[in-house]
Amino acid sequence: MGSAPLTVPAATSANPEWKPKGETAADIQGIIVSAYPKQHFAMFMMVRFPASPAAGANGWLAQLAPRITDATGERDMCLNVALSAAGLTVLGVSDDVKSTFSIPFQEGMTTDNRARFLGDAPATWRWSDCGANPNCVHALLMVYALTRSALNSAVADEAATLASFGLTVAGQILLQVNLGPHGERREHFGFADGISQPILVDGNIPVEKRALNETPVGEVVLGQINTYGTPAVGPIVATSTMAAQHLQGAAMEGFLDLGLNGTYIVVRQLKQDVAKFWNNMKTASADLLDDSRKPATDEWLAQKAVGRTLDGKMLNPAGPVDGNSMTFFASDPTGYGCPITSHVRRANPRDGLAPTAKDTQDMINATNRHRIMRRGRIYGAPIANRYVDDGDDRGLVFVCMNSEIERQFEFVQHTWLLNPMFGMGYNESDPILGARCPYSIPSKPVRQQPMIETFITPVGGGYLFLPSLRALRYLGALR
Amino acid sequence: MPTIVDVVLEVDPDSVEVMRQRIRAVTNLNGALSFTRLEQIPQLHFMSMQIFEDDHFDPLFVFENNFDGSADTYWPGVMAQLSDDLRSIFACTKKAKEGEWVSLFQAGGKDSLVPFIEAHSCSPSAQHFGAVANSLPRILRDRGVFLDIQSELGGTCSKYRQWDAPGVHAALRQWALQKYKWLQDPEKPTTDQATSTYKWSTVRPVMPWLVFVFVVIAGTLGSYVLHRCGILPWQGMPSLGTIAAFAGRFTLTLIGSVVVMVVILILAAIAPYRALRRLEESDFSQGRPPLTLEQLKLFAGQEDQIVQNHLASMVLVKPGMLRAFLIRNALRALHFAVPIVAWDGYLGSMRTIHFAHWTLVGNTGRLLFLSNFDGSWQSYLNDFVDKAARGLTLAWGNCVGFPPTRNLVLEGAAHGTQFKAWARQSQTQNILWYSAYTDLTVNQIIRNASIVDGLRKTSMQMKEAEQWAQLL
């Protein structure tokens, strides 16, 4: 699951969080460093460029660039933009340059191989990054505002601007914030969400001096030092007079850095069937016993499936634990508290898969090579009665940023979340995100294994490039 | 004990496409993929066939076999299923057209292919097994027991949850004994016996030599020390003062001898070490191995169909005497060390490899790597980088284009992005790949076996029973 934190208990941190300064702060899009916690109202506008003549798209980007929110400070209204590979083609990016982008980004999320790898069936998706899809998104304009009326007027302004350049809005997703009793952000099933996030730190800090969730900034920001101690590789363009007006030199002689201070952003629209979830929890928990061997409730099973309590505390045999600084090996190695194949343990196993105590630090270091920075929010109104389907369309727009899609987002999705053999599972899947399958709950004297249905269906998604401000100006000036 | 054998043969360049089609035909049944014939080979865990093409060599056919027991008992089973296919495949190789073998591949030839296979078989230079105690029949049998237990327990375990853990064990054992009479007999060999046999398999053959060398060195050193200290055993019991003086001199002499030996060894190693460092600093490497979208699509199309994947890689060994010496001895060291340190299947903290091996081929000019592993390519290669970088660097660091190394085991594979691109570029697609158990990871094989081992026990104490019940 993936919405961003509003009130997150401070994680244990040994190093100062990375903050862009000076020119970098003015070059980096704000969404990379902030979830815009005060802006409760947001709209994702799916922009489609006409196939030809395409100069309108460049002109739009050129006038948009000065209005894009950077990382120099807080704004009331925030505006960010990302582009798909198909969008770059229309903007006039040459095949040579496109070939320097990350391969999943070039290919898109919906190729047959990728769909199989990610567990998707994109034939019926509402939108995607695939150039062949009639609902292909070329640009994603992300608008955030403090009030609904401010959002409405900003969106109307942006739509008018797009129209003036001959561009169309293929679709819009209104993003919501649903606050729980303690001001925490909740997703539609009712769980506090967005608690586990990496903390970006200077990439030059050696791994042995980094705390549990600390991750080198290059894992998210291209051109910065990543987990392997080298600058995260991004796209480059051959030096030209025009490009040199906008971009900085790349490490390779004769090239300029198109990726520096940008990132790859993964967007997935995940439709949630809330009534089906709670009704399944009710029927599947009917003959189970809870941790104190009393008849289990639907909430007990739902919390076991997620691995956290509804208000976001990590399950543990000694009682729920606040925050995000918990590890598993010492306090819950067998998953009697937080099941090994629960959603949160699959999404971030920390040291939980270490075979022995001496492997725990290595396992944490290895796990931290697959972290993603999440920025998702829910869409659709919260359900009135969680057991009664009202037919409304609601779910989560999962958004995450990473510098290497294969090693970060795709790894988390395939090797952890949907892996049928994860932990002690046999032909299981993520109990929240995965398809219908049995779910093993470690219990005494022996495991319980309810059948968990499918509640979440991806209905759209794509891999996008979130350029730096310099790169945006360059792309605007391409034609 | 499992065995790995590769049959390595140069292919007639004109016949590569024909050979490819004939390999595909092995698993083609009326246009669909079928492994029925391979399933009849009783010892076979994993099999692959691929052709490595290279600008500098004729194509090389590699036929990988991972099986139980010895080659003598394995090949008849293969021949019973694939004799005609293999004859037509081998006919595309250069050797099939050479003197003594020609008659074997003439139309209607029926003579046994086994001598031809044996003549062109290679044993691994170094190898690793994930579940060494588990023969194929045992793996399949234990999977059946595991699945039956899952059905018996059901989702709620209502028949068993009134017991404590030892009670669950006793009740399940009683249920299982009705179904599986063989549980009353001891496992032969037991998991511990099979593991122990494997653990010492590389040391056992050289043990007499090790003992001999030790005795010679200890004897020579001992006589020398006694002589230097002026004590001759046949001159009767010496006085206490003599013994004390002897002990002092003995200790000093022993320490002196060891120091001298260490100094000599260090001095002798300086020149080769400096030569190695010179090579490591001046060897050419490949910063960005070229990978095209098309290549990657081909791999992606083949991978992640079952819980395991296959990796076939061939690289060139760096030139020069020192590199030739190093790679042979690095692989020899791995050959000896892997069973002793990784007998339980764990390389570091990773246990995802079923069968993997390195083999030097072409008069040690090229290094072949074949692996049958759990999970995706990306997760496997990440495990290499994160959990086994040193061992990999030791083996692959002597090969052309590998990321820069330091002191043989440092850096190298730890250059994650570069190493992964290098590994991908060295790979070729398999044309045939077979797994005898497409739904089992190494961990699951060992889990199933542990459940069955537990069922054989007549009773369990609380702690043991709790640990056993966690496997269910």
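How many residues does the contact take from chain A and from chain B? I looked that up before anything else: 39 from chain A and 37 from chain B, where contact means C-beta atoms, placed from the backbone, within 7 Å.

**Ground rules**

I noted that this is a predicted model, where local features need pLDDT of at least 70, side-chain atom pairs count only at pLDDT 80 or more, and totals for chains, interfaces and linings use all residues. Residues are numbered from 1 along each chain as its sequence is written, while chains are lettered from A and ligands numbered from 1 in the order in which they are written.

For confidence I pulled the predictor's scores for the complex: ipTM is 0.91 and pTM is 0.92. Chain B has a mean pLDDT of 91, with 97% of its residues at 70 or more; pLDDT is the predictor's per-residue confidence, from 0 to 100. Among the elements of chain B, I found the lowest mean pLDDT, 84, in helix H8 (residues 207-228) and the highest, 97, in strand S13 (residues 432-435).

**The A side of the interface**

Back to the A-B contact, which takes 39 residues from chain A and 37 from chain B. On the chain A side, helices H5 (103-107), H6 (112-118), H12 (360-367) and H13 (406-417) are the elements that give two or more residues. Helices (H or I, at least four residues) and strands (E, at least two) are DSSP runs, numbered from the N terminus. H13(A) gives the most to this side, 5 residues. By class I get 20 nonpolar, 10 polar and 9 charged residues on this side. Here Ala, Val, Leu, Ile, Met, Phe, Trp, Tyr, Cys and Pro count as nonpolar, Asp, Glu, Lys and Arg as charged, and the others, Gly among them, as polar.

**H13(A), a second look**

Is H13(A) mostly covered or mostly open? Covered: 10 of its 12 residues are buried. Buried means 20 or more other C-beta atoms within 10 Å of the residue's own, exposed means 12 or fewer, and partly exposed is in between, with C-beta atoms placed from the backbone. The buried ones include A:Phe409, A:Phe411 and A:Trp416, and also A:Arg407 and A:Glu410. The cover comes from both chains: it includes H5, H6, strand S11 (263-272), helix H11 (343-347) and strand S14 (395-402) of chain A, plus helix H12 (377-387) of chain B.

I also checked the span of H13(A). Its end C-alpha atoms are only 14 Å apart, short of the 16 Å that a straight helix would reach at 1.5 Å a residue; the expected span is 1.5 Å times one less than the number of residues.

**Domains and core of chain A**

Chain A splits into domain 1 (22-268 + 463-476) and domain 2 (269-461), with bounds from an automatic or database domain assignment. I get 27 Å between their C-alpha centres. The contact takes 57 residues from domain 1 and 56 from domain 2. On the domain 1 side, S11(A) gives the most, 6 residues. That side has 33 nonpolar, 18 polar and 6 charged residues.

Next, the largest nonpolar core: 130 residues, with A:Phe44, A:Leu140 and A:Met401 among those with the most contacts inside it. Such a core is a set of buried Ala, Val, Leu, Ile, Met, Phe, Trp, Tyr and Cys residues joined through C-beta atoms within 7 Å. Why does this core lie between domain 1 and domain 2 of chain A? Both domains give residues to it, so it lies between them. I listed what A:Met401 touches, leaving out residues up to four places away in sequence; A:Ile32, A:Val220 and A:Ile372 are among them.

**Chain B**

Chain B has domain 1 (1-123), domain 2 (125-202 + 289-472) and domain 3 (204-282). The C-alpha centres of domains 2 and 3 of chain B lie 41 Å apart, and 6 residues of domain 2 are in contact with 6 of domain 3.

**Backbone oddities**

Most residues other than glycine have a negative phi, and most peptide bonds are trans. I logged a cis bond between A:Lys444 and A:Pro445, omega about 5°, and another between B:Lys188 and B:Pro189, omega about -15°. Phi of B:Leu408 is near 70°, a positive value in a residue other than glycine. B:Leu408 sits in the loop between strands S11 (405-406) and S12 (410-411) of chain B, and is partly exposed, with 17 other C-beta atoms within 10 Å.

How values were computed. Contact = placed C-beta atoms within 7 Å.
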